[in-house]
Amino acid sequence: QVTNINGNHAVLALYSIRTESGTLAALVAFVEYRDKLFQIVGVTPDFRTYSGPMEDSMRSFNRITEQRILSVQPDRLKIYTAQTGDTLGSIAARYNNPRVTADQLAILNRLAIDQPITPGRLIKVVEKGY
């Protein structure tokens, strides 16, 4: 179905997907916005129940105009030089990023959470961007 979604050229398409355990329905919206094509997909085994909410969600595609959202800056990876007495917990607390815990810093740096950190070691940290 050729349509417009909030003033953007769009096509809605319905696909049927056969699986070993039955048939799935996929509703797909292809939306042209700023010379790019966005694809939004909803898949369900119960199309009668979920087709309306899926289509409503797809038709809500719109450009972002709220300045608060447009001004958000992404988190950034930064290299920190460890100091005497640093632990992954103290480094995580210093950078105070609620989305990155000491456990995640351990994974990011391939360290055990309780592994001593030698002063001068380069540690990857995630600096919050907002």
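**Close-up 1. Helices H3 and H4 meet with axes that come within 8 Å of each other.** In this predicted model, the two axes cross at roughly 110°. An angle of 65 to 115 degrees counts as roughly perpendicular, and H3 and H4 are therefore described as roughly perpendicular to each other. The crossing of H3 past H4 is right-handed. On the H3 side, the contact is made by Leu88, Gly89, Ile91 and Ala92; H4 contributes Ala102, Leu105 and Ala106. If you like a rule of thumb for such views, two packed helices are described by the angle between their axes and the distance between the axes.

**Close-up 2. Helix H4 keeps its buried residues on the same side.** Look here for Ala102, Leu105, Ala106 and Asn109, the buried residues of H4. They cover an arc of only 105° around the helix axis, which puts them on the same side of H4. It helps to recall that an α-helix has 3.6 residues a turn, so residues three or four places apart point the same way. The partners that the buried residues of H4 pack against are helix H3 (88–95) and strand S6 (122–127). Follow the chain just past the end of H4 and you meet Arg110, which takes a positive phi of about 55°.

**Close-up 3. Gln104 is a partly exposed residue of H4.** Gln104 sits within helix H4, which spans residues 102–109. Its relative accessibility is 39%, and because buried means under 20% and exposed over 50%, Gln104 counts as partly exposed. For a sense of distance, find Leu88 as well: 16 residues separate Gln104 and Leu88 in sequence, and their C-alpha atoms lie 9.3 Å apart in space.

**Close-up 4. Four strands build an open antiparallel sheet.** Reading across the sheet, the order is S1-S2-S3-S4. The edges are taken by strand S1 (2–5) and strand S4 (36–44). Each edge strand has a single partner strand, so one side of each is left without a neighbour in the sheet. Neighbouring strands of this sheet are turned by 35° against each other on average, direction ignored.

**Close-up 5. Strands S3 and S4 pair over nine bridges.** Here strand S3, residues 22–33, runs in the antiparallel sense to its partner S4. One pair to pick out is Ala26 with Val43, its bridge partner in S4. As a friendly reminder, strands of a sheet pair through backbone hydrogen bonds, either parallel or antiparallel.

Definitions and conventions:
Residues numbered from 1 in each chain as written. Predicted model: local features only at pLDDT ≥ 70, side-chain atom pairs only at ≥ 80, totals over all residues. Heavy atoms only, no water. Helix = DSSP H or I, 4+ residues; strand = E, 2+ residues; numbered from the N terminus. Buried < 20%, exposed > 50% of the residue type's maximum accessible area, 1.4 Å probe, protein only. Pairing = 2+ DSSP bridges. Axes fitted to C-alpha atoms, helices over the stretch in contact; angles between N-to-C directions. Arc of directions from axis to C-beta. Contact = heavy atoms within 4.5 Å. Parallel < 35°, antiparallel > 145°, perpendicular 65-115°, else oblique. Left-handed = near helix turned anticlockwise from the far one by under 90°.
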